[in-house]
Amino acid sequence: MPVMTAALVLLSFVMPLATDMYLPAFPQMTGDLGADASGVQLTLTTFLIGMGLGQLILGPLSDRFGRRTPILVGTAACVVATALCALTPSLGTLVALRFLQGFTGAAGVVIGRAVISDIATGEKAAKLLGVLMSLLGIAPAVAPVLGGAVIEAADWRAVFWVLAATTLLALVGALFAIPETLPRERRRTGGARATVRSVSEVLANRPYLGHTLCFGMALAVLFCYLGGASFLFQNLFGLSVGRTSAAFASVGAVSVVSGLVITRLVGRFTPKGLLRTGLWVMLAGSAALCALALADLLSLPVVLTLLYVTFVGISLVSINAAALALERVPHAAGTGSALLGTVQSILSAVAAPLVGIGGDRTALPMFAGMTLSAVLAFLVLGLTRTTGRATAAR
């Protein structure tokens with residue numbers, strides 16, 4: 001189990017690295033590619049859209065063909081796509097390749113969650129998901145620092161070569177450490193019609209849908225931050241690439257620590273209680289940042305402190321919402337995991353470029369987007385309320 005968990009973490013680690021490592025290079029990329037802030041942020045958007053669609057397709061396929069083959073094929077294709085990103089001649093080509101990178105790399109994320117659902121349920125599944133997501137939280141801490149070092153030593157293209165090597169390492173880990181966890185007798189049969197029926201059944205489950213949308217909105221808060229933080233730190237606060245990377249790392253470190261603490265709390269408090277606490281914490285941090293931006297009272301220490309608070313809330317919401325969602329669809333774990341990731345990717349993809357609408361010298365769109373996403377996370381959780389009959393039908 002520990003070896004397989006490590007392999008799953010490495011597979012899932014590739015996607016946050018692909019999201020975070022090149023963030024400190026956004027200002028550099030605008031000059032090199034002749035693009036504006038929104039244009040560069042579009043490379044993040046298309047990556048997220050590709051990851052969302054990839055999960056939507058690869059998750060149900062893993063319910064039909066098993067977990068191992070889709071993981072291996074998808075990760076191998078991701079190695080190629082990532083290497084091509086390093087060679088891209090233009091912004092348009094990079095946008096297209098980032099879509100392909102996200103689509104193929106989605107295999108490790110969506111099927112990794114399905115593997116956990118295959119081997120664990122209830123509190124055990126929540127703890128495993130918590131460990132997985134907590135360790136993944138290392139990426140926001142490590143990736144910007146590593147990316148900043150690579151960018152200062154070479155340029156932003158070198159980041160994608162490092163990502164290609166990391167993805168290749170993840171492929172080797174999957175090849176030797178992840179067995180097939182879905183026996184043939186538990187696989188779904190039928191073609192496209194059966195897949196569509198499976199998706200419809202999962203989406204018709206209101207508690208699943210409510211927790212999934214709540215999970216997605218929490219991650220939208222995160223991607224509003226990711227889309228605008230480089231410009232905030234460098235253009236508004238005047239930080240260097242290295243100090244920007246350190247700021248990213250400190251926020252990521254809070255995410256890691258809070259996630260690990262949350263896994264210890266799962267057995268003492270209910271996932272629903274932890275989820276609701278996280279919603280309030282996330283909203284409080286985001287709203288305070290938005291209010292300070294409106295009043296033009298932003299300072300680096302205060303912004304970082306409130307970001308730490310917000311990220312504790314994001315960890316509480318994302319870990320528990322994911323566990324509660326997948327708990328509702330054990331008969332279609334691959335499809336449930338796919339829709340969970342797809343919703344998250346689509347909402348995050350919409351959020352990321354919107355923060356650049358006001359230009360690269362204002363933080364208000366970023367903090368307003370974070371606050372709006374936190375409010376919507378509260379509202380969509382209302383879908384989880386069911387009648388007694390619906391609950392009994394679970």
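Colleague: Which helices each supply at least two residues of the nonpolar patch?

Modeller: Helices α3 (37-65) and α5 (91-119) each do. The largest share, six residues, comes from α3. Helices here are DSSP runs of H or I with at least four residues, and strands are runs of E with at least two, numbered from the N terminus. This is a predicted model, in which local features need pLDDT of at least 70 and side-chain atom pairs count only at pLDDT 80 or more, while totals for chains, interfaces and linings use all residues. Residues are numbered from 1 along each chain as its sequence is written, and side-chain values use heavy atoms, with hydrogens and water left out.

Colleague: What makes I49, L53, L56, I57, L61, F65, F99 and L100 a nonpolar patch on the surface?

Modeller: A patch is made of residues with over 30% relative accessible area and no salt bridge (a side-chain nitrogen of Lys or Arg within 4 Å of a carboxyl oxygen of Asp or Glu). Nonpolar side chains (Val, Leu, Ile, Met, Phe, Trp, Tyr) are joined within 5 Å, and like charges within 9 Å. Together these residues have about 600 Å² of accessible area, computed by the Shrake-Rupley method with a 1.4 Å probe, where for residues only the protein chains shown count as cover.

Colleague: Why is I57 called partly exposed?

Modeller: Buried means under 20% relative accessible area, exposed means over 50%, and partly exposed lies in between (1.4 Å probe, protein chains only). I57, in helix α3, has 43% relative accessibility and therefore counts as partly exposed.

Colleague: Why is M282 called buried?

Modeller: M282, in helix α12 (residues 271-294), has 0% relative accessibility, so it counts as buried. Leaving aside neighbours within four places in sequence, M282 is in contact (heavy atoms within 4.5 Å) with A218, V221, T310, G313, I314, V317, A374 and A377.

Colleague: What makes a set of residues a nonpolar core?

Modeller: Such a core consists of buried Ala, Val, Leu, Ile, Met, Phe, Trp, Tyr and Cys residues joined through side-chain atoms within 4.5 Å. The largest one has 110 residues, of which M29, Y225, F233, M282, F367 and M370 touch the most other members. Helix α10 (residues 206-236) gives the largest share of this core, 17 residues.

Colleague: How do you know where this core lies with respect to domain 1 and domain 2?

Modeller: Domain 1 (1-178 + 192-204) and domain 2 (205-384) both give residues to the core, so the core lies between them. The domain bounds come from an automatic or database domain assignment.
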